[in-house]
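Work through the following exercises with the model open beside you, and try each task before reading its solution.

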Protein chains: 2
Amino acid sequence: MSLPSTLTLAHHLVEGVLHSGSLAVDATVGNGKDTLFLARAVGVSGQVHGFDIQQEALDRAEERLRAAGVAERVRLHRKGHQQMAETLPPDWRGKVRAVMFNLGYLPGGNPTVITRTDTTLPALEQSLEWLAPGGILTVMLYTGHPGGKEEADRVLEVLKKLDARRFRTVCCQTLNRRQAPFLIAVSKSGKTV
Amino acid sequence: MSLPSTLTLAHHLVEGVLHSGSLAVDATVGNGKDTLFLARAVGVSGQVHGFDIQQEALDRAEERLRAAGVAERVRLHRKGHQQMAETLPPDWRGKVRAVMFNLGYLPGGNPTVITRTDTTLPALEQSLEWLAPGGILTVMLYTGHPGGKEEADRVLEVLKKLDARRFRTVCCQTLNRRQAPFLIAVSKSGKTV
């Protein structure tokens with residue numbers, strides 16, 4: 001298909017705000033695909049922090065990053081993304097160009113270990129706080145697994161109410177597929193640094 | 001803001017399917033901005049047909065295209081877009097890479113001359129028929145003018161029901177602005193020609 005998938009669209013949008021030397025966060029490392037994408041996009045002088053509570057995910061990601069030769073740009077944490085604010089270097093506050101969330105469960109992993117709204121929402125709030133002006137947050141939402149629809153609804157409810165003077169929230173979704181994942185992207189207003 | 005507007009996003013998506021020599025259609029010429037965008041994207045060997053029922057719109061577009069030196073790639077028709085199928089060269093059927101609709105009224109023109117659902121829907125149907133496999137249709141919808149919300153609802157209703165084996169329909173909208181325009185993009189499946 002010629003129209004990019006919502007996941008590819010998320011990458012395009014994030015690429016549009018990252019440049020060499022940027023700071024970025026992968027809030028849900030999972031299999032490390034987004035982590036690798038971010039590590040490449042920030043270049044040799046950029047830095048990425050990644051969060052995941054599963055060792056299996058971090059191991060897979062580490063391997064992927066090493067194979068691509070970009071592991072030194074990335075710092076992986078075996079922590080939930082709600083610990084982002086206490087874990088990131090304090091001088092990153094207000095300077096993060098992109099934060100990516102890919103909710104749900106680890107593909108090929110334990111499907112009962114899923115992201116949970118009670119930790120996702122604080123993590124989103126922290127992300128918005130730590131974003132640089134001009135930076136963006138992307139969230140991929142899946143509704144096909146148990147609890148997915150409820151999580152997507154809660155996330156959507158919060159992000160669509162953000163103060164329009166400070167943020168712009170955009171939603172992209174495929175309309176003619178059942179349970180298609182969808183993308184929410186939030187940009188922080190203000191002069192790009 | 002760092003996140004592209006939905007109109008800019010429409011341009012990005014269309015750019016992704018056009019190449020030098022492509023055939024494209026601007027179904028609502030208006031002030032000619034999209035016509036110019038298409039004319040540039042198809043290159044010197046490409047061709048664009050544009051439709052508008054208002055002479056004022058065609059005059060503005062013609063001027064814009066001439067100033068940019070690309071008028072010879074474009075054929076403007078003072079016709080409604082529902083006459084697309086009977087107007088386009090017959091050998092364009094199934095070969096059009098992109099069709100763009102920007103509904104509502106001509107900015108700065110007569111606000112009572114608006115696109116109407118009873119002509120918009122047949123024009124959309126014809127567009128999908130004339131698209132090449134791998135080609136895309138984009139529709140910008142506005143809900144701020146009288147009749148806009150009803151038109152948007154009808155268009156959405158039709159496009160979200162398209163056969164998922166033949167088409168993919170994606171909707172992108174800003175969630176935290178009232179009456180923000182939104183974008184629907186439809187890609188036609190099949191091998192890209």
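The exercises below deal with symmetry, the interface, the nonpolar core and salt bridges.

This is a predicted model, in which local features need pLDDT of at least 70 and side-chain atom pairs count only at pLDDT 80 or more, while totals for chains, interfaces and linings use all residues. Residues are numbered from 1 along each chain as its sequence is written, chains are lettered from A and ligands numbered from 1 in the order in which they are written, and side-chain values use heavy atoms, with hydrogens and water left out.

**Exercise 1. Determine by what turn and shift chain A can be laid on chain B.**

Superpose the copies by least squares on the C-alpha atoms of residues with pLDDT of at least 70 in both. A turn of 180 degrees, with a shift of 0.0 Å along the axis, lays chain A on chain B with an RMSD of 0.0 Å. That is the relation of a two-fold axis. Among the residues of chain A, Cys172(A) comes closest to this rotation axis, its C-alpha being at 2.1 Å.

**Exercise 2. Describe the interface of chain A and chain B.**

Begin with the buried area, which is the accessible area (1.4 Å probe) that two parts lose on being put together, summed over both; here it is about 2700 Å², 62% of it on carbon and sulfur atoms. Strand 6 (167–174) is one of the elements giving two or more residues to the side of chain A that touches chain B, and strand 6 of chain A gives the most, with 8 residues; strands are DSSP runs (E, at least two residues) and helices likewise (H or I, at least four), numbered from the N terminus. Next, count residues in contact (heavy atoms within 4.5 Å): chain A supplies 31 residues and chain B supplies 31 residues.

**Exercise 3. Find which helix gives the most to the largest nonpolar core.**

A nonpolar core is a set of buried Ala, Val, Leu, Ile, Met, Phe, Trp, Tyr and Cys residues joined through side-chain atoms within 4.5 Å, where buried means under 20% relative accessible area, exposed over 50% and partly exposed in between (1.4 Å probe, protein chains only). Of the 56 residues in the largest such core, those that touch the most other members include Leu38(A) and Leu38(B). Helix 2 (residues 33–42) of chain A gives the most to this core, with 5 residues.

**Exercise 4. Examine the salt bridge of Glu62(B) and Arg66(B).**

A salt bridge requires a side-chain nitrogen of Lys or Arg within 4 Å of a carboxyl oxygen of Asp or Glu, and the closest N and O atoms of this pair are 2.8 Å apart. Because Glu62(B) and Arg66(B) lie 4 residues apart in helix 3 (residues 55–67) of chain B, about one helical turn separates them. Glu62(B) is partly exposed at 28% relative accessibility, whereas Arg66(B) is exposed at 58%.
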